[in-house]
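Welcome! Please take a moment to look over the sequence and the 3D view, and then we can walk through them together.

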Amino acid sequence: MERLLLILIVMCCYLYSCKLVLSGQAIESPQYKVVHSESDFELRQYRESSWMSALVRETTSFEKATKDGFHRLYQYIHGANLNTSEITMTAPVLTSIVPSVHGPAEYYVRLYLPAKYERTPPQPSSDLNLQFDKWRSHCIAVRKFTGFAKDDHVHKEFETLVNSLNKHLNGKPAILEDKSSYAIAQYNASYHLSGRLNEVWMDLSGFTSDC
């Protein structure tokens, strides 16, 4: 019965992701609609959304960057803000990887802000060095994968997504405007050992379809 319930939840989130239900608790997530779907990827149009972002530099490890950035975000949602507000945990934890020609990549670890804080979120404590990001509605290519997101395979998952886009969406050059930047979305807590959901995100702001 629990397995059937999980399948129904994932199917629901596949079409219109507003909330995920994990471990019996509703987790708020950014809203989207699927505008194109293939067996190995989908295109989603996300609505306008708000995020709190932690920039992490001077590391070549996706895992370390995510851990360091999330530690600061975790403090923020547990009262390290000027209002000492407790903010509900959301999903996913999103790590954007932006390569640099001058050194190691920059990592932006982000946490989606609940709708009640989308316009005026509590201001983070200055020592956390966090930034408020407001995203306009835009299109994202998404590839799902399971297990833990590790240094040794996240880039391979991204390359697989790029290859899928080249194969299925040939003739739309704007879609691969930036072939190097991508993000990894993680939906489960570290203690969740099975049935994990991760995604590779690629921004398709140049795509001129329904998005």
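The paragraphs below go from confidence to the sheet, then to charged pairs and aromatic rings.

Before anything else, keep in mind that this is a predicted model. The average pLDDT of the chain is 85, and 80% of the residues score at least 70. Your eye may fall on the start of the chain, and here some care is needed: over residues 1-24 the pLDDT stays under 50. For that stretch the model has 35 contacts beyond four places in sequence. Where pLDDT is low, predicted coordinates should not be read in detail.

Now let us turn to the sheet. Nine strands make up an open sheet with antiparallel pairing. If you would like to trace the strands across, follow the order β3-β4-β9-β11-β10-β6-β7-β5-β8. At the edges you will find β3, residues 32-37, and β8, residues 130-135, each of which pairs on one side only. From one strand to the next, the twist averages 30°. Backbone hydrogen bonds are what pair the strands of a sheet, in either a parallel or an antiparallel way.

For a look at one pairing, pick out strand β6 (residues 93-100) and strand β7 (residues 103-112). These two run antiparallel and are joined by seven bridges. As one example, Thr95 has Val109 in β7 as its bridge partner.

Next come the charged side chains. Side chains of opposite charge can pair when their charged atoms come close. How many salt bridges does the structure hold? There are eight, and three of them can serve as examples here.

Start with Glu199 and Arg44, whose closest N and O atoms are 2.7 Å apart. Glu199 sits in strand β11 (residues 198-203) and Arg44 in strand β4 (residues 42-46), so this salt bridge links distant parts of the chain, 155 residues apart. Both Glu199 and Arg44 are buried. They also belong to a network of salt bridges that links Glu42, Arg44 and Glu199.

Another salt bridge joins Arg110 to Asp133, with 3.0 Å between the closest N and O atoms. Here Arg110 of strand β7 meets Asp133 of strand β8, and the two are 23 residues apart. Both partners, Arg110 and Asp133, are buried.

The third example takes us to a helix. Glu157 forms a salt bridge with Arg143, the closest N and O atoms being 2.7 Å apart. Because Glu157 lies in helix α3 (residues 154-168) and Arg143 in strand β9 (residues 138-145), the pair ties together parts that are 14 residues apart in sequence. Glu157 and Arg143 are buried.

Finally, look for the aromatic rings, which form seven aromatic pairs. In one of them, Tyr32 and Tyr46 are tilted, with 4.9 Å from centre to centre and 45° between the planes. Tyr32 is in strand β3 and Tyr46 in strand β4, 14 residues apart. Are these two residues buried or exposed? Tyr32 and Tyr46 are buried. Ring pairs also draw them into a cluster with Trp51, Tyr112, Trp135 and Trp201.

Phe70 and Tyr74 form another tilted pair, at 6.0 Å centre to centre and 55° between the planes. Both lie in helix α2 (residues 62-77), four residues apart, which is about one turn of the helix. Phe70 is partly exposed, with a relative accessible area of 24%. Tyr74, at 40% relative accessibility, also counts as partly exposed.

Note on methods: Residues are numbered from 1 along each chain as its sequence is written. Side-chain values use heavy atoms; hydrogens and water are left out. Two strands pair if DSSP finds at least two bridges between them. Axes are lines fitted to C-alpha atoms, for helices over the stretch in contact, and angles run from 0 to 180 degrees between N-to-C directions. A salt bridge is a side-chain nitrogen of Lys or Arg within 4 Å of a carboxyl oxygen of Asp or Glu. Buried means under 20% relative accessible area, exposed over 50%, partly exposed in between (1.4 Å probe, protein chains only). pLDDT is the predictor's confidence in each residue, from 0 to 100. Contact means heavy atoms within 4.5 Å. Rings of Phe, Tyr and Trp (its six-membered ring) pair if their centres lie within 6.5 Å; planes under 30 degrees apart count as stacked, over 60 as edge-to-face and the rest as tilted.
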